[in-house]
Amino acid sequence: MNQSDVVFLCRHYKLEAEIAQMTWRVSYSEIDDKRGGKLRGSFSSLQRRNSLTGNRVAVKKLCQRRIELTRPLLLELKRLKDLHHDHLVRFYGACVDPPEPCLLTEYCPKGSLQDILENEEFKLEPIFKYSLMHDIVKGMSYLHASEIKSHGGLKSSNCVVDSRFVLKIADFGLRSLRASDSNCSEDKDTYAYWRSK
């Protein structure tokens, strides 16, 4: 066995060990829903083990009640957890246990680009519009160069703005979970569902 084979095997076993660790996995006990009751979608706090503080996170419920953790899904979840960029919403993890599987991502308090564009109280200066467009370009460029490769559904509702008015791209990756989620009957009660029609 030559040196390149040894390097390949070491990388392979390292990747398999990282996939098996499931650092993205979150249990319900780590999610603190300040509103009480069931998770309803907007935001909650994520209190990780051995941490004194919690992160405010956006919670996206999934329609699937049972999620099969296949190797391609585990690999994609690991890649999302490892992905960090100023113009991409950070993926904190996923709760895949019944009864309410959900994805947990960075919470951006200013809302979506769609919200800002529809709000008549916002008077967008040309330089601010340019800044938002530039943020989209930088985020998409990084995403296309990453192992995720593409977004697949970019729209103004999944471009969100953080507290510093930095635009971040959301809802990328996890195609297998999102494909079944797009046909979710529960979404029919939301404004976003009917707006998309």
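These are my notebook entries on a pocket, a surface patch and two backbone angles in a predicted model.

Entry on the pocket. I looked up the second largest pocket and found a volume of about 150 Å³. I then listed its lining, which consists of L15, L75, K78, R79, D82, L83, S146, E147 and I148. Sorted by class, this lining holds 4 nonpolar, 1 polar and 4 charged residues. I also asked which element gives the most to the lining of the second largest pocket, and noted that helix α2, residues 71-82, does so with 4 residues.

Entry on the surface patch. I searched the surface for nonpolar groupings and recorded a patch formed by I127, Y130 and M133, whose accessible area together is about 380 Å². Of these residues I followed up I127, which I placed in helix α4, residues 126-145. I127 has a relative accessible area of 65%, and I therefore entered this residue as exposed, the cut-off being over 50%.

Entry on backbone angles. I kept in mind that most residues other than glycine have a negative phi. K149, although not a glycine, has a positive phi of about 80°, and I located K149 in the loop between α4 and β6 (159-161). Its relative accessibility is 52%, so I counted K149 as exposed.

I made a further note on D171, where phi is again positive, near 60°, in a residue other than glycine. D171 sits in the loop between β7 (167-169) and α5 (175-181). Is D171 exposed or partly exposed? With 35% relative accessibility, I put D171 down as partly exposed, because that class lies between under 20% for buried and over 50% for exposed.

Notes
Residues are numbered from 1 along each chain as its sequence is written. This is a predicted model: local features need pLDDT of at least 70, side-chain atom pairs count only at pLDDT 80 or more; totals for chains, interfaces and linings use all residues. Side-chain values use heavy atoms; hydrogens and water are left out. On a 1 Å grid over the protein atoms alone, a cavity is a set of points where a 1.4 Å probe fits but cannot get out, and a pocket is an open set with protein on both sides within 12 Å along at least five of seven lines; lining residues have an atom within 4 Å of a point. Grid points are joined across faces, edges and corners, and a volume is the space filled by probe spheres set on the points. Helices (H or I, at least four residues) and strands (E, at least two) are DSSP runs, numbered from the N terminus. Ala, Val, Leu, Ile, Met, Phe, Trp, Tyr, Cys and Pro count as nonpolar, Asp, Glu, Lys and Arg as charged, and the others, Gly among them, as polar. Patches are made of residues with over 30% relative accessible area and no salt bridge: like charges are joined within 9 Å, nonpolar side chains (Val, Leu, Ile, Met, Phe, Trp, Tyr) within 5 Å. Accessible areas come from the Shrake-Rupley method with a 1.4 Å probe; for residues, only the protein chains shown count as cover. A salt bridge is a side-chain nitrogen of Lys or Arg within 4 Å of a carboxyl oxygen of Asp or Glu. Buried means under 20% relative accessible area, exposed over 50%, partly exposed in between (1.4 Å probe, protein chains only).
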